[in-house]
Amino acid sequence: MPAADGTVADGAGRPEPNHGLRIFLLWLPVALVADLLIWFVWGPHLPPGAMSTSAATQQSAIKIMSVMAAPVMALVLVYGAYALVVWRHREGDDEDGPPIHGNTRVSVTWIGVTSVIVLSLAVFGTVELAGPAGAGAGEGNTPIWRPSGGTPLQVQVIGQQWRWTYRYPQFGGFETTSLMLPVGENVQFNITSLDVIHSFWAYQLGVKADANPDINNVAYTKPEHTGQVQVRCAELCGLWHADMTTVGQVVSLSAFNAWTATARTQLAALTKELPPYTLTYDPNAVAQLGKVFQKAGLSGAGGGFYGSQYPVQP
Amino acid sequence: MSETATPPPGTPDLPALTRESEEANFFHEAALNATWTGVRLAVGALSFAFGCFVFAYFYLRSLNSHGMWHPAGVKGPQPWAGAVIMALVVVSALVQYVGLTRIKASKKGAWQASAVLALVLGLAAIGLQVWELLNLHFFPGSSGFSSVFVGATPVFVIVVLAAMIWLETLIMRVRVIPAISFVEQPPTYAEAFAVQRFQASLSAFTVLWNYLAVVAIVFWVLFYLTA
Amino acid sequence: MAIDMQPESDRQPGREPGGREPDAPPPPARPWWRRPAVHTALAGAVIGYLLGHLLGNVIAGQYSQVVNSGQNDYAIVLGYVLGTLGWLAGLGVFSDLLRQMTGRPVHATEEARDASAGLARYFRYSLDHKVVGLQYLVGMIGFFLTGGLLAMAIRTELLSPSYHVFSSATYTAIVGEHGTMMMMMMSSLILGPLGNYLLPLMIGSKRMAFPRIEALSFWLTPAAYIVLLSGLMFGGFPFGWTGYAPLSVQATQGADAYAVAFGIMGISLILLGFNIIVTVICYRAPGMHWGRLPIFVWAMLTTSFLMVLAAPVLVGAMYMLITDRTVQTAFFTDDLGGSSYLWENLFWFFGHPEVYILALPGFGVVSEILPVFCRKPLFGYKVAAAGMVGVTLLSFFVWQHHLFDSGINPDMRPVFMLTTELISIPTGFIFLVAMGTFWKAKIRFTVPMLFALGFYFNFLIGGISGVYLSDVPADTTEHGTFFVMAHFHYTIMGGLIFAFMAGLYYWLPKMMGIRLNQTLGKIHFWTMFVFFNATFLPLFAVGMAGQPRRVYTYARSLETLNDWVSISSFLLGVSILIFVFNFVYSTVIARVHEEGNPWNSRGLEWQVSSPPPPGNFARVPVVLSGPYEYGVKDAPPVADLDPPLGVISNAYAAAAAEGAEV
Ligand code: HEM
Ligand SMILES: [Cu+2]
Ligand SMILES: [Cu+2]
């Protein structure tokens, strides 16, 4: 934008200042300071943190996009502010402005620069998506980006109105209401629903994947620090959508093993009543898969709160 | 320009140009163009509407979730009904089209006859389709296919009905237009305009009705041939 | 369609075949209560609803029941549909069609034009585009205020995570009503009032192409509005404006209101856009070639294409939802061969173009206003128009960016990421155009200009936050949270609504011959600008910090921010009230007349008196130069408003010849 046209004297005979240069000099420090602040001060605290590989990817994506966005935004704002101050209408001046209809060089530069920014963002996004095995986003039932190494820890996430439960097929398929993960291991979430669409969102892990009825949606992550994980539902699923929250834990491998061993024996009786582990369930399994709530003294699960989605046969 | 509209006025045998008639001509010309443009746009919009169901058809078919797209045991609609409905619409469009070529040769009566026939055929197609929907051998929600079938056909029926109403108004309108006007410029602007507007409307209708015949064939292929 | 081929001018000499004698006395006027208007429409609606309800109970009363209600969906849907048809019939929408079908001459044109002057015509099925424009204006403001009131209710509930003003069911219903009301109604916020009123004036025409379709598109909006709100009587619908199946298939009768209302409004959008496209293509005055078309008209044209092509998919999807709920098809039930993904695909195939239906008219309005108050030509006119066309084309290829985490076509996500980021290039053109126009301008800070500047500020934030959402890794954190909510309110509330206000302050003198009070206008602008940003800027942070959308309760730690937002939003509501006060005060009480060209604009619409006379122009004008030639030394006037005899016929004869060659 700046280098638009020459420096012709205006009516008063005063030489026209070089507006382009002035705007550039105003913009440069603003953009620089903004970028430095974003990178060094704000960056490490940007959501969703760096508790897992996928969260770290998302954080860096947000950081890098902010670093690219700030100068663009600063340019428009500085330019705008400059224009409003310098090129405002003065009392008593009834002349029209200069009849500039356009400027091919400026337009081409603008289109070129925005295209480069945008295309590089698209490439960057694709790389970041493939790198850490899908960046924590739901990848459908046949994921194309998987973590390298052996079979990851399988955790099935079952959404139902309005609870989350988890099954651990590699440990006898018990079902529990608490999400427990070991640090430093690849995790494969198999996410499904028994009634309507929910969205499993483990905030600190940077995992978000819709829980669709009759569909298995896979998301990968690898926790790298121990700590608490907020689990929420990110897709409106009816009355108590806001209450589909739980807290998960990332613990050391030994603590995790100890937990699975206890849970497996403690829940053995219940596990027998559950339908065998599959990637999706018949909605009629709601009754059985909801038993874990009653065990835990909870209520509210069971689906079918509204009507049935199944056609009635007259 | 519309196929049947004769060149714009200003032709010598009309009364001399006044400011009023100049403007009337201007807006008349615009209205003819609007009919031409409008019907093509309507075909575009309708394509997206029907496309919605065609998309549903292929999407559900390719997903075939739980093997329930069109499971073996579930009955489909009666093949003969589908073929007859399609044939009625296609023949109606053809008949009307042939009539159109006749009216250009001042054979107004020929078009009238073919239009009435086309109307009857179109209404018969509607009737048969409604009858078929009221006497289904299967339950609407018994498969993905049956859902798309039960959903899409009424939409087609509604659009065909609208087209038939249009045809009916054309049949009513043509009664007061002398046959000679289709080959010779009538003496007054008002009459010339009326004839040209009728012609524009008629050719627009033809575009729509021929398009619907194509849709009928597509639906027949989807619902009866390859299901 | 057929009915629109009828005479548009009764000045033609001679007699229409089958028509009235030109000098015959008009048919005697019936008393007002026997002539179709809102009251007959209401009667028709009630009768239709009752009939439909009855019919539904006869068909399905024995077997289709909504849980816990003793009602069935057939009865409700048929009630709505027949009620809407009754509403239209009561207005006299079908009377011309019936006349045509029975071979009688059509005379509603005369009736609508001559016989109902005065205030009464605003309550009738008027075929005058200026009347329809004002009907739309009042309607849209009403719809916006209703939606805004619901927004206030949302923010009231969100004042506290633990003290609840509403039950969670009521809250969800309110969110759904707010979102749906805004999305479906505000789609015509600019094209309805400003478009219908100004388009013929801007392209030099005396009329729109299809006045009946135009009027119909308006009269469907109150029907959609009432149907949507009636959902509240059944407890609303629990699935927001997106209506994801299977929740929408399972939900109670409120879902019928949602589907029917959205479907009706979809039809209204198709008709609105259809009429505008044909008018722009066919009714431009001689000399108004594509390179001289005001940029606002380009915006209307591109928006209309989006409406005409995308809204049928919306109507189709709503129709499928209705059949799933009534005749028990299984479009969206996976177990029976349907798919909940089908809904998501169809909905967003419409839904994304929809967001550009909301954005593009705003681009047009601000780009139209900018040159007037910069006193400079629009910078890069062709770039601006090309940008709008580019956005229109691309917006059909980005819909799955709403479904990045859904598991639909995960391998396609890089493609949709790319197309989404590509669309930001033509969108960015509006900033290029604005910045270029500012260069060495003489910027006048009038109220319309202030709103236009506010638009650019807000849309900058809205647009840049959109780029974050297009990136799959970043979107994984942001999707389904208040970040998204803040993003689209920046583009819609901060974009569309600001642009609408700019347009209203700018064109109301044209439309009503009355100027809105400028001091109140400035107060309105500053409060709206400040409190809008105070409301929605923090919501980006709220979303990033983990608050999902559509929740009646949230993490305690976010209470301070939420309170700040709620209080700001109430003040934003006050600002809107200032606008309402200004509108009512200026148009009803003060009535400061403004006949001429107060902004000293070159727009063709400003070359006639305000409000324009019946028929807009005394003669079809011949356009001589572009609308933005400010500061150009010997620029010819915009148009010759009284061209000599023969010029017009030469122009259309040439055009016809050209058309024939193609
Ligand atoms: C008057 C100023 C407005 C305020 C204070 C406001 C406030 C809100 C709030 C707080 C929500 C979020 C509810 C939730 O997710 O829990 C919301 C949702 C929404 N708003 Fe607004 N809004 C305003 C204007 C608008 C306008 C002008 C539009 C569009 C034309 C709009 C469209 C929407 C939509 C589509 C949703 C999403 C509903 C859903 O999740 O289904 N809003 N609004
Ligand atoms: Cu939920
Ligand atoms: Cu989108």
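The following legends describe close-up views of a predicted model.

**View 1. The interface between chain C and chain A.** In this view, 95 residues of chain C are in contact with 100 residues of chain A. The two chains bury about 8,100 Å² between them, and carbon and sulfur atoms give 67% of that area. Met435(C), Trp439(C) and Lys440(C) together supply 10% of the area that chain C buries against chain A, more than any other three residues. Between the two chains, 28 residue pairs are in polar contact. Several helices of chain C each supply at least two residues of the side that touches chain A, among them α6 (168-185), α12 (340-374), α13 (381-394), α15 (447-470) and α18 (518-544). The largest share of that side, 15 residues, comes from α14(C). By class, the side of chain C that touches chain A has 53 nonpolar, 24 polar and 18 charged residues.

**View 2. Salt bridges across the interface of chain C and chain A.** The rule finds 3 salt bridges across this interface, while the structure holds 13 over all chains. In one of the pairs, the side chains of Asp96(A) and Arg375(C) meet with an N to O distance of 3.1 Å. Asp96(A) lies in the loop between α2 (53-86) and α3 (104-130) of chain A and Arg375(C) in the loop between α12 and α13 of chain C, so the pair joins two chains. A salt bridge is also formed by Arg550(C) and Glu235(A), whose closest N and O atoms are 3.4 Å apart. Glu235(A) additionally appears among the residues that coordinate the copper ion (ligand 2), through its O atom.

**View 3. The iron atom of ligand 1 and its histidines in chain C.** His178(C) and His489(C) coordinate the iron atom of ligand 1, each through NE2, at 2.0 Å. His178(C) belongs to helix α6 of chain C and His489(C) to helix α17 (residues 482-512) of chain C; the pair links distant parts of the chain, 311 residues apart. The arrangement around the iron atom of ligand 1 is octahedral because its 6 donor atoms subtend angles of 86 to 179 degrees. For comparison, ideal angles for six octahedral donors are 90 or 180 degrees.

**View 4. The copper ion (ligand 2) and its donors in chain A.** The coordinating atoms are SG of Cys233(A), O of Glu235(A), SG of Cys237(A) and ND1 of His241(A), at 2.1 to 2.5 Å from the copper ion (ligand 2). Along the sequence, these donor residues are spaced C-x1-E-x1-C-x3-H. The 4 donor atoms subtend angles of 86 to 131 degrees, and the arrangement is therefore tetrahedral. The ideal angle for four tetrahedral donors is 109.5 degrees.

**View 5. The copper ion (ligand 3) and its histidines in chain C.** The protein donors are ND1 of His352(C), NE2 of His401(C) and NE2 of His402(C), lying 1.6 to 2.0 Å from the copper ion (ligand 3). These donors follow the spacing H-x48-H-H along the chain. His352(C) is in helix α12 of chain C and His402(C) in the loop between α13 and α14 of chain C, so placed that the pair links distant parts of the chain, 50 residues apart.

**View 6. Backbone details in loops of chain A and chain C.** Gln161(A) and Trp162(A) are joined by a cis peptide bond with omega about 0 degrees. Trp162(A) lies in the loop between β1 (153-160) and β2 (163-168) of chain A. In chain C, a cis peptide bond with omega about -15 degrees joins Ser610(C) and Pro611(C). Pro611(C) is placed in the loop between α19 (559-590) and β1 (622-623) of chain C. Ala135(A), although not a glycine, has a positive phi of about 55 degrees; Ala135(A) is located in the loop between α3 and β1 of chain A.

Notes: Residues are numbered from 1 along each chain as its sequence is written. Chains are lettered from A and ligands numbered from 1 in the order in which they are written. This is a predicted model: local features need pLDDT of at least 70, side-chain atom pairs count only at pLDDT 80 or more; totals for chains, interfaces and linings use all residues. Side-chain values use heavy atoms; hydrogens and water are left out. Contact means heavy atoms within 4.5 Å. Buried area is the accessible area (1.4 Å probe) that two parts lose on being put together, summed over both. A salt bridge is a side-chain nitrogen of Lys or Arg within 4 Å of a carboxyl oxygen of Asp or Glu. A polar contact is a pair of N or O atoms within 3.5 Å; within protein, one must be able to donate a hydrogen and the other to accept it, and residues adjacent in sequence count only if both atoms are side-chain atoms. Helices (H or I, at least four residues) and strands (E, at least two) are DSSP runs, numbered from the N terminus. Ala, Val, Leu, Ile, Met, Phe, Trp, Tyr, Cys and Pro count as nonpolar, Asp, Glu, Lys and Arg as charged, and the others, Gly among them, as polar. Donors are N, O and S atoms within 2.8 Å of the metal (3.2 Å for Na, K and Ca); water is not among the atoms, so sites may look incomplete. Four donors count as tetrahedral if all angles lie between 85 and 135 degrees; four count as square planar and six as octahedral if opposite donors are over 155 degrees apart and all others between 65 and 115; anything else is irregular.
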